[in-house]
Amino acid sequence: MKRKKLVGALLTICIILASGCSRIEESKDVSKTEQEQQQSDLPQDAEADDKTNQYNPEQSESNGISFHSYRWEEITISIPDSWEGKYWVEEGEEGFSLMQTASYEKENGLGLLCGFYRIDGMINNVPGVTPLAYTDTHMYYMVEPIDVSYYYEDAAISKEYQEMWDLVYAVEASISIDKEGVQYNPDEFVFPMSRTILLENDDLLNCSDIELSIARNEIYARHGRWFKDYFLSDYFRTCSWYHGTVSADKFDETVLSQVEKDNILAIKRAEEEFQAKHPYPKEYEAGSIVEEDLDGDGRLEQLQYILEDLEYHTYTGRIIINGQEFIVENYEDVWLDNPRLTFYVTDILPQYKGLEIAIMDNGPSDDSVTYFFTYKDGELTNIGGVGGFPFKKECGYNGFAYEGEVIGEIVMGFTHTCWGFGRWIYNYETQDLEYQDTGYYTNKFEYPHQLYEDLTVYLKMDEDSLTTIIPAQEEVFFRGTDGKEWVFIKAKDGSKGYVHIVDGVIEGLGKAPDEVFSGMGFSG
């Protein structure tokens, strides 16, 4: 089936859910013995079909939440007992949805809480759709509402819906697929089924060069190839399914199937097309004279960036455009402590005229920063600085993959000194790059920590949420944090969850992080 037809079928399901369904099914209870067999979608080794690390509501701490099971063909989920009498199940040919009864009775088509479906093929990046598992031929996914789906004019119904919605994550985590070869780690791939499904142009059309690079190399990674590129090496090391066993120079491509070879070629073509459409950023040596249309008027400017090493290892930087000289230290918040001997010309806003000049400085204690300047009407303007060096040659990824923003790095001190990915968005009104403080930060890939003992973690950043256990093991990774109390932990065995740390102590364990994890320390 063509991918457009797959997505069309998926959207048809969503439309049906939004417009109302034709048959009400009663919720189905099973015995406790059957309930104890229900497991979740926590990632597993891609070559194995065991589910020993999956979340089980009946066997984990549930903070007083009890469940009953519901099975549709090969899909089984656990449903909170508190929903009893408040929901109904609509079954279809490819799955089922859970609906709030009160909203549906008020208005046909309202009440969708979530739906669980399978599709013959692969889907990616569809709003309201979360892939949960896959086999060689099918993908299993959850559908969530992307708009208001409850009867909000009635306060009691709205409150009931929200209380039910707050437990959808637990239903999602409980999914179990009774199918040979099922894998529960689609979130660890760009294209989970690229081993068996041919990719089409539509699949690759909206991918950034970062995603394309990972998508192409994850095909090799499935076969255990090591990577000399440290960004790819660190990235795949965090994946539960990856076990590097073969060096790049000894990797035998005959292990690849024809589907995999065809997909590699398709992705390479997409990467070439992306590069052709996005020629920037361009790197230049300091001191060299280059020509670029900096102000977008159709004429090339002659550009030179000169660094002078003064006494006591202090520096001054000069940007010369068409013979006019600008001293970079004269600009507010620009300071050269340990500048790099290269600079870049970038294009943060491809649809608007003009380019940027980017100069890099290592800063004190490796607090690196990249300063950006624009040139217009004979004036050089500093539009802001971004943490780190967001260039593929410098950091392993292209920080300019998404128009209007730059992906840089920030230093974090919780629970140890590490680095996270930061986003700087161009503000069209102020004409500056502004850091976006989202309250949650994704960690930059770093060395693994050893977990010394079994650790109870939460499935949400909420102590009232369900918990599971990450068993003691050699490799666990800190993947995100709110910078205040919570850290998202992902283990090599596929188990994952949030650790709550208050006043330097892990809640429920009574120990400091460095007593539980190796490699914890603060620099500077």
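Colleague: In the loop between which strands is threonine 415 found?
Modeller: In this predicted model, the peptide bond from phenylalanine 414 to threonine 415 is cis, with omega near 0°. Threonine 415 belongs to a loop, and the strands on its two sides are S18 and S19.

Colleague: How many bridges join S18 to strand S19?
Modeller: Strand S19 covers residues 418-427 and runs antiparallel to S18. Within this pairing, isoleucine 410 stands opposite glycine 420 in S19. The number of bridges that join S18 to S19 is eight.

Colleague: Which are the edge strands of the open sheet that holds S18, S19 and S20?
Modeller: The order in this open sheet is S18-S19-S20, with antiparallel pairing. An edge strand here pairs on one side only. Neighbouring strands of this sheet are turned by 40° against each other on average, direction ignored. The edge strands are S18 (405-412) and S20 (432-435).

Colleague: Where is the place of proline 281?
Modeller: Tyrosine 280 and proline 281 are joined by a cis peptide bond, with omega about 10°. Proline 281 lies in a loop, and that loop is the one between H9 and S9.

Colleague: What distance separates the end C-alpha atoms of helix H9, and what span should its residues give?
Modeller: Helix H9 takes in residues 258-277, which is 20 residues. At 1.5 Å a residue, these should span 28 Å. The two values agree, as the end C-alpha atoms are apart by 29 Å.

Colleague: What arc around the axis of H9 do its buried residues cover?
Modeller: The buried residues in H9 are Glu260, Asn263, Ile264, Ala266, Ile267, Ala270, Glu271 and Phe274. Their arc puts them on the same side of H9. On the other side of H9, Gln258, Glu272 and Ala276 are exposed. The arc covered by the buried residues is only 165°.

Colleague: Which residues are exposed on the other side of H4?
Modeller: Helix H4 (residues 155-165) has Ile157, Ser158, Tyr161 and Met164 as its buried residues. They cover an arc of only 130° around the axis, so they are on the same side of H4. An α-helix has 3.6 residues a turn, so residues three or four places apart point the same way. On the other side of H4, the exposed residues are Ala155, Ala156 and Lys159.

Colleague: What is the order of the open sheet of five strands?
Modeller: The pairing in this sheet is antiparallel, and its edge strands are S9 (282-285) and S17 (379-387). The twist averages 25° from one strand to the next. Strand S16 (residues 369-376) and S17 pair over eight bridges, with threonine 381 in S17 as the bridge partner of threonine 374. The order is S9-S14-S15-S16-S17.

Colleague: Why is strand S26 largely enclosed by the rest of the structure?
Modeller: From S26, Trp486, Phe488 and Lys490 point one way, while Val487, Ile489 and Ala491 point the other way. Both sets are buried. Strand S26 (residues 486-491) is largely enclosed because the number of its six residues that are buried is six.

Colleague: In the hairpin of S26 and S27, which glycine takes a positive phi near 100°?
Modeller: S26 and strand S27 (residues 496-502) pair in the antiparallel sense over five bridges, and valine 487 stands opposite valine 499 in S27. The hairpin has four residues between the strands. The residue with a positive phi near 100° is glycine 494.

Colleague: Is aspartate 333 buried or exposed?
Modeller: Aspartate 333 has a positive phi of about 65° although it is not a glycine. Its loop is the one between strand S13 (324-327) and strand S14 (339-346). With a relative accessible area of 67%, and a cut-off of over 50%, aspartate 333 is exposed.

Colleague: How far from the centre of the ring of phenylalanine 251 is the charged end of arginine 225?
Modeller: The charged end of arginine 225 sits over the ring of tyrosine 220, 4.9 Å from its centre. That charged end also sits over the ring of phenylalanine 251, where the distance from the centre is 6.0 Å.

Conventions:
Residues are numbered from 1 along each chain as its sequence is written. This is a predicted model: local features need pLDDT of at least 70, side-chain atom pairs count only at pLDDT 80 or more; totals for chains, interfaces and linings use all residues. Side-chain values use heavy atoms; hydrogens and water are left out. Buried means under 20% relative accessible area, exposed over 50%, partly exposed in between (1.4 Å probe, protein chains only). Two strands pair if DSSP finds at least two bridges between them. A charge sits over a ring if NZ of Lys or CZ of Arg is within 6 Å of the ring centre and within 35 degrees of the ring normal. Axes are lines fitted to C-alpha atoms, for helices over the stretch in contact, and angles run from 0 to 180 degrees between N-to-C directions. The expected span of a helix is 1.5 Å times one less than its number of residues. The arc is that of the directions from the helix axis to the C-beta atoms.
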